[in-house]
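This report examines a protein chain and its strand pairing. The sequence and structure are shown here for reference.

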Amino acid sequence: VNAHNIWAVGNLRTLHFGGLGLHSIPNPAGVSMFRVSSTPDGMVYGLGVKANHQEGIYAMSPVGWQPQLPTIPSTTAQGCGNLTVTDLALVGISDVWIVGNGTNSGASCTFGLHFSNGAWHSAPTPAVSGSTLAAVSALGDNDVWAVGEIETRDQSLNATFDTTFVMHWNGTSWTQVPATGGGVMSDVDAT
């Protein structure tokens, strides 16, 4: 959030540095927090997973993490199910983006979901074979970036190759952005 307001999350607790040292805050019972993000006005959100594998968005309050948004859908409008959220990005208190991976008829798929106007909305990602998403960053409703990898199997070499996967949301749809070089992208920060 700023140089005197730093947050870190883990499976048992959350650490907060408020300028005078680290303060430990227990996570909600049975919830492992694995991502944290903040809004420009200082609101802090975390992405957590319960023991039953149900993921949720939590907001930091004076008494600790509190469930914040409606349950993340288990399937997108395009049929991507068994969703695993990999990252979240915040534009504002009621403006949240999440990306991740799932399956559709046995094949892997990626997804983007946007929380606005009190509900989750599907933001269909391009159907790119072998792709996975790792991270998302949002500057606004029409400027969202997501990164990951595309895994390609070369049967003749009996080898697997990873290439860079970059996407941009323009307010209407995701577009795959050409990226040179190979390798997995694990995080993105748009400023």
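The following paragraphs treat a salt bridge and then a sheet.

The model is predicted. One salt bridge is counted in it. The partners are R35 and D87, whose side chains meet with an N to O distance of 3.4 Å. This pair connects distant parts of the chain, for R35 belongs to strand 4 (residues 31–38) and D87 to strand 8 (residues 81–92), with the two positions 52 residues apart in numbering.

The two partners are set out below with their relative accessibility.

| Residue | Relative accessibility | Class |
|---|---|---|
| R35 | 32% | partly exposed |
| D87 | 7% | buried |

D87 is classed as buried because its relative accessibility of 7% lies under the 20% cut-off. R35, at 32%, falls in between the limits of 20% and 50% and is therefore partly exposed.

Strand 8, which carries D87, also takes part in a sheet. This sheet is open and consists of four strands in the order 8-9-10-11, paired in antiparallel fashion. Its edges are formed by strand 8 and strand 11 (119–122), each of which pairs on one side only. On average, neighbouring strands of the sheet are turned by 25 degrees against each other when direction is ignored.

Within the sheet, strand 9 (residues 95–104) and strand 10 (residues 107–116) run antiparallel and are joined by nine bridges. As for individual positions, T103 has S108 in strand 10 as its bridge partner.

Technical notes. Residues are numbered from 1 along each chain as its sequence is written. This is a predicted model: local features need pLDDT of at least 70, side-chain atom pairs count only at pLDDT 80 or more; totals for chains, interfaces and linings use all residues. Side-chain values use heavy atoms; hydrogens and water are left out. A salt bridge is a side-chain nitrogen of Lys or Arg within 4 Å of a carboxyl oxygen of Asp or Glu. Buried means under 20% relative accessible area, exposed over 50%, partly exposed in between (1.4 Å probe, protein chains only). Two strands pair if DSSP finds at least two bridges between them. Axes are lines fitted to C-alpha atoms, for helices over the stretch in contact, and angles run from 0 to 180 degrees between N-to-C directions.
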